[in-house]
Amino acid sequence: MSTSNLSNIVYQLQTPSPLSPQKITSLLTSAKRELLTLNVLIPTPTTPSPILVLARQTLETGALLSIRLQQPDAFTRYYQQLLPFYEMPESSYGTDTNNSQRSKVTGLYLLLLLTKGDYAAFHTVLEGLEVEQAGEGKGLEGDEYISYPVKLERWLMEGSYDRVWGATKREGVPSEEFGAFSEVLIGTIRDEIASCSEKAYPSLPIANAKNLLFLESEGSVVEFAQARGWVAKDGRIYFPQQQEDMRTEKDILVASGQVIENTIGYSRSLENIV
């Protein structure tokens, strides 16, 4: 059972020289074909250790490259294909037990679930990891790839959006791949804050909206406002109000309090606005 073709494909995929998306897609397709030929898409106890290691490496490479290609659905498929490999005992991989990228791939999957707001699946995966680690007498706290999405989820539940924003900066992410999903997560948070704001206020100064929405410039605020159908005029953002959803001043203040509570770090400026 020769693995030379698959080894060569993986080597090309991992080359430091940048490959075009078309080339990566073509190589990944060829890699899957080789896995089918070798009959190792689903590992078994009788699969030789060197082939198990190569198959796992192939799928992990495909998962990470799918993120760089901005293909979350493809990444999810690779993750699901990797699960049987991660469930195999470490002894099945012979002496090669330290080269798996399981933590990174799993951490990325947890982050992807956060971007989708699928907290039920997030905790299902996390609880499975905790049970597994407890059985081995280990913990997840020291794993930078797993602890990153865990911290983000906790801050999201607390409404500490400013901490999430800080952690998604380039210097705060564990690796380049996490940056792609982190940007999506910030977009999700931004939309949530925007929805609360347009229900809470008749208008906001553009300068304050920039901080509130975690945008880099006032020009970005105007672009964001236009995309949501808001009106930017005279240095303020005006939120269109539906007649049936008109609020009394008391209602506005109550809703404002909720936004303030959920955006720690900006409450002082928001109080000035209100």
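1. Helix 3, in this predicted model, runs through residues 49–68. From the first C-alpha to the last, its 20 residues reach 29 Å, close to the 28 Å expected at 1.5 Å a residue. Helix 3 is also mostly covered, with 16 of its 20 residues buried. Following helix 3 you will find Gln70, whose phi is positive, near 60°.

2. Helix 5 (residues 102–116) is a good next stop. Its 15 residues should span 21 Å at 1.5 Å a residue, and its end C-alpha atoms are 21 Å apart, so the two values agree. Just after helix 5 comes Gly117, which takes a positive phi of about 70°.

3. How many of the residues of helix 5 are buried? The count is 12 of 15, so this helix is mostly covered. The buried residues are Lys104, Val105, Thr106, Gly107, Leu108, Tyr109, Leu110, Leu111, Leu112, Leu113, Leu114 and Thr115.

4. Which helices do those buried residues pack against? They pack against helix 3, helix 4 (72–86), helix 6 (119–135), helix 7 and helix 9 (176–200).

5. The pairing with helix 7 can be described further. Helix 5 and helix 7 (residues 144–158) pack at an angle of about 20°, and their axes are 7 Å apart. Because angles under 35 degrees count as roughly parallel, helix 5 is roughly parallel to helix 7. Their crossing is left-handed.

6. On the helix 5 side, the contact is made by Ser103, Lys104, Thr106, Gly107, Leu110, Leu111 and Leu114. Helix 7 contributes Tyr145, Ile146, Tyr148, Pro149, Leu152, Glu153 and Leu156. Sorted by class, this contact of helix 5 with helix 7 has 9 nonpolar, 3 polar and 2 charged residues. As background for reading such lists, an α-helix has 3.6 residues a turn, so residues three or four places apart point the same way.

7. Elsewhere, Ala207 has its place in helix 10 (residues 206–212). Is Ala207 buried or exposed? Its relative accessibility is 37%, so Ala207 counts as partly exposed, since that class lies between the limits of 20% and 50%. The C-alpha atoms of Ala207 and Arg236 are separated by 8.2 Å, and these residues are 29 apart along the chain.

8. Finally, here is the overall picture. The secondary structure of the protein comes to 13 helices and 3 strands. Of its 274 residues, 42% count as buried. Taking contacts between residues at least 6 apart in sequence, 66% join residues at least 24 apart.

Terms used
Residues are numbered from 1 along each chain as its sequence is written. This is a predicted model: local features need pLDDT of at least 70, side-chain atom pairs count only at pLDDT 80 or more; totals for chains, interfaces and linings use all residues. Side-chain values use heavy atoms; hydrogens and water are left out. Helices (H or I, at least four residues) and strands (E, at least two) are DSSP runs, numbered from the N terminus. The expected span of a helix is 1.5 Å times one less than its number of residues. Buried means under 20% relative accessible area, exposed over 50%, partly exposed in between (1.4 Å probe, protein chains only). Axes are lines fitted to C-alpha atoms, for helices over the stretch in contact, and angles run from 0 to 180 degrees between N-to-C directions. Angles under 35 degrees count as roughly parallel, over 145 as roughly antiparallel, 65 to 115 as roughly perpendicular and the rest as oblique. A crossing is left-handed if the near helix is turned anticlockwise from the far one by less than a right angle, and right-handed if clockwise. Contact means heavy atoms within 4.5 Å. Ala, Val, Leu, Ile, Met, Phe, Trp, Tyr, Cys and Pro count as nonpolar, Asp, Glu, Lys and Arg as charged, and the others, Gly among them, as polar.
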